[in-house]
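This report goes through one protein chain part by part. Please look over the sequence and the structure before reading on.

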Amino acid sequence: LLRTRPTLLSTTLLLLHRSSRSARVRAFTAMAQNDKSDNKQAQKQQQHKFCVIGHGLIGTAACKYLAAKGEDVVLVGPSEGKAHGACYDEGRIYRILDPIESWSKLAQRSIDQYESIQNTSGVEGLFIESGLLVFGIDEKFMQRTRATAQKLGTPLEELSSEELAKKFAWLSVPASTKAGLWQQQQAGTISPRKLIEAQLRLAKHHGATYVDEVVSAVEKASDGDHFVVTLENSDTVLADNVLVATGVHSSVLPVLPEKIVVNLTGSQALFIELTAEEAKLMEGMPTIMYEGPSAEECFYMLPPIQYPDGSWLMKIGPSTKFSPNLKTLQDVNAWFERGHVDPEFRDVAVETLKLLFPQLSLDNIRPLLCVTDNTPTLNCYIDMLAPGWGLASGGNGWAAKSSDEIGRLAADMMALPTKWTTDPDFPQKWFKAITESSLSVSESGAEVADLKTPLVKVESCAQLSNEQVAQAVTALSGIVGHTAKPIPPHEWCSKLSAELEKQWGATPSVLCLEEFDPKSTAWAATHPYVMLLTTARFCDDGPERLFLVLPR
């Protein structure tokens, strides 16, 4: 018994020791887990100086330029496959011959950077300088293209129908063709996928962080000190400043302090799959803008591009006739998921392809659906909507080629003390965002000259109350701001007349004056009137239009 007692005692002490050690291990394990949890929480709550929202062409470019300035910046947005987007493609047209000065300059600056972006990022095949061919009927678009080339000093070769057929053996020139314009340099195709990859790679190289998640909301923190970016997985990102660059989603997600005036339209195109032999036949094809005999027969076309799956695809896209209006996030998602194009568009597009390229079989055709965010100014929005809350959106279908410079301007806006670039080529007023609240005016205590919105102002008026003038300005501003496509003058007049009838109780006469001298007011003495000037750029024949409203 005496001999066994030490053994029992030793065993008891050993068990107590082991128990104590296990308790300590469990305690240390719990502490480590708590530390990990705390570290994870601390990582979630790290507050960045800048948060760029949107993993698209503009967002990645802006992030790159902010990071290159040495700023603490995080980019948040889903990679391809996690959400719908406009950039999931291998081909977009790039050109500098845009009739709108702002887009022409943005394109020129961006195109000048393509080679540098490709070389410094190591992303090959980012762009192909294949040239641009514009041909067909010789009307407004071709005339504006000539004028732009002359203004920019861009070499542009004029080609007759016979010269077109001789120069481009793969092209069957339609009998309706009156002229052709050929730009060999600073035009071709760019890969949106590869450009995003390159910009993100450069942004990370400069120290940027990337969070591959969908953003569900942006709001100012309750203390007003910073912004809270809420992700779809319920995580949050904190930042002193936010730049929203979410493309078409900027107007349908709760990511801005107020609603902007943007008209979303569904766009559609066709992919034509070619055999390797057919692709070889089309070698040397530039990007094309074909002006057919009617608006429905005007198309853009891209040369065959080899996609990641090995297929060779040509792309053809339509005029605005085949672009339905979209209002909500549900509309946008439904359009992306639609899975087919309008039969009428498909038929006209296929007939045009047969007319221009009879050597192609056209056996394998795929739909391509996208969404375009159109602004009433036709300029993109690069603007501060609230302190620390910036916007870079509103591409109007032209932003891919110009995204690098848009990103640079957005980065300057966010980071510079002046909140705008010092570059004199880009006046800040070009890129001011139009908000819904800015489309209405109040007559109370205002002078007639003050009754204006960013889209409409009063040129002259007589014998009308300020209330009536304000109603006319507000009505026309709403029509201009929410018109997504070019419409003829008589439709503008009908819309304005109908809107004012609701408020005035009588139908006013509304005239659209192509040429009018505001000083010529001989008729004003006998009739009340207001003359309104709109600066909306939906008019094909100019950026401004005068409307004369005559109440009955």
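Which helix lies across β22 and β24, and at about what angle does that helix run to β24? Helix α12, made of residues 489-504, lies across both strands. The angle between α12 and β24 is about 40°.

## The chain as a whole

The model is predicted. Its chain contains twelve helices and 24 strands. The chain has 552 residues, and 50% of them count as buried.

Contacts can also be sorted by how far apart the partners are in sequence. Taking the contacts between residues at least 6 apart, 71% join residues at least 24 apart.

## The sheet with β22 and β24

Strands β22 and β24 belong to an open sheet of four strands, ordered β21-β23-β24-β22 with antiparallel pairing. At the edges are β21 (456-462) and β22 (509-513), each of which pairs on one side only. From one strand to the next, the twist averages 20°.

Strand β24 covers residues 545-550, runs antiparallel to β22 and is joined to β22 by five bridges. One position can be followed in detail: Val510 has Val549 in β24 as its bridge partner.

## Helices α3 and α10

Helix α3 spans residues 101-121 and helix α10 spans residues 399-415. Their axes come within 7 Å and cross at roughly 90°. Angles from 65 to 115 degrees count as roughly perpendicular, and α3 and α10 are therefore roughly perpendicular to each other.

On the α3 side, the residues that meet α10 include Trp103, Leu106, Arg109, Tyr114 and Ile117. On the α10 side, Lys401, Asp404, Glu405, Ile406 and Leu409 are among those that meet α3. Sorted by class, the contact of α3 with α10 has eight nonpolar, four polar and five charged residues.

## Arg95, ahead of α3

Is Arg95 buried or exposed? The residue sits in the loop between β3 (92-94) and α3. Buried means under 20% relative accessible area. Arg95 has a relative accessibility of 8% and therefore counts as buried.

The side chain of Arg95 reaches the backbone oxygen of Leu97 at 2.7 Å. Leaving aside neighbours within four places in sequence, Arg95 is in contact with Ala107, Ile111, Leu132, Phe141, Gln186, Ala187, Met289 and Lys401. Two of these names also appear where the helices meet: Ala107 in α3 and Lys401 in α10.

## Asp383 in β19

Strand β19 (residues 381-386) holds Asp383. With a relative accessible area of 5%, Asp383 is buried.

A polar atom of the Asp383 side chain lies 3.0 Å from the backbone nitrogen of Ala433. Ala433 is also one of the contacts of Asp383 outside its neighbours within four places in sequence; the others are Trp389, Gly390, Leu391, Met413, Phe431 and Lys432.

## His206, after α6

Where is His206 found? His206 is in the loop between α6 (192-205) and β9 (209-211). Its relative accessible area is 38%. Partly exposed is the class between under 20% and over 50%, so His206 is partly exposed.

Beyond its neighbours within four places in sequence, His206 is in contact with Lys64, Ala67 and Ala68. His206 and Gly70 are 136 residues apart along the chain, and their C-alpha atoms are separated by 7.3 Å.

Note on methods:
Residues are numbered from 1 along each chain as its sequence is written. This is a predicted model: local features need pLDDT of at least 70, side-chain atom pairs count only at pLDDT 80 or more; totals for chains, interfaces and linings use all residues. Side-chain values use heavy atoms; hydrogens and water are left out. Helices (H or I, at least four residues) and strands (E, at least two) are DSSP runs, numbered from the N terminus. Buried means under 20% relative accessible area, exposed over 50%, partly exposed in between (1.4 Å probe, protein chains only). Contact means heavy atoms within 4.5 Å. Two strands pair if DSSP finds at least two bridges between them. Axes are lines fitted to C-alpha atoms, for helices over the stretch in contact, and angles run from 0 to 180 degrees between N-to-C directions. Angles under 35 degrees count as roughly parallel, over 145 as roughly antiparallel, 65 to 115 as roughly perpendicular and the rest as oblique. Ala, Val, Leu, Ile, Met, Phe, Trp, Tyr, Cys and Pro count as nonpolar, Asp, Glu, Lys and Arg as charged, and the others, Gly among them, as polar. A polar contact is a pair of N or O atoms within 3.5 Å; within protein, one must be able to donate a hydrogen and the other to accept it, and residues adjacent in sequence count only if both atoms are side-chain atoms.
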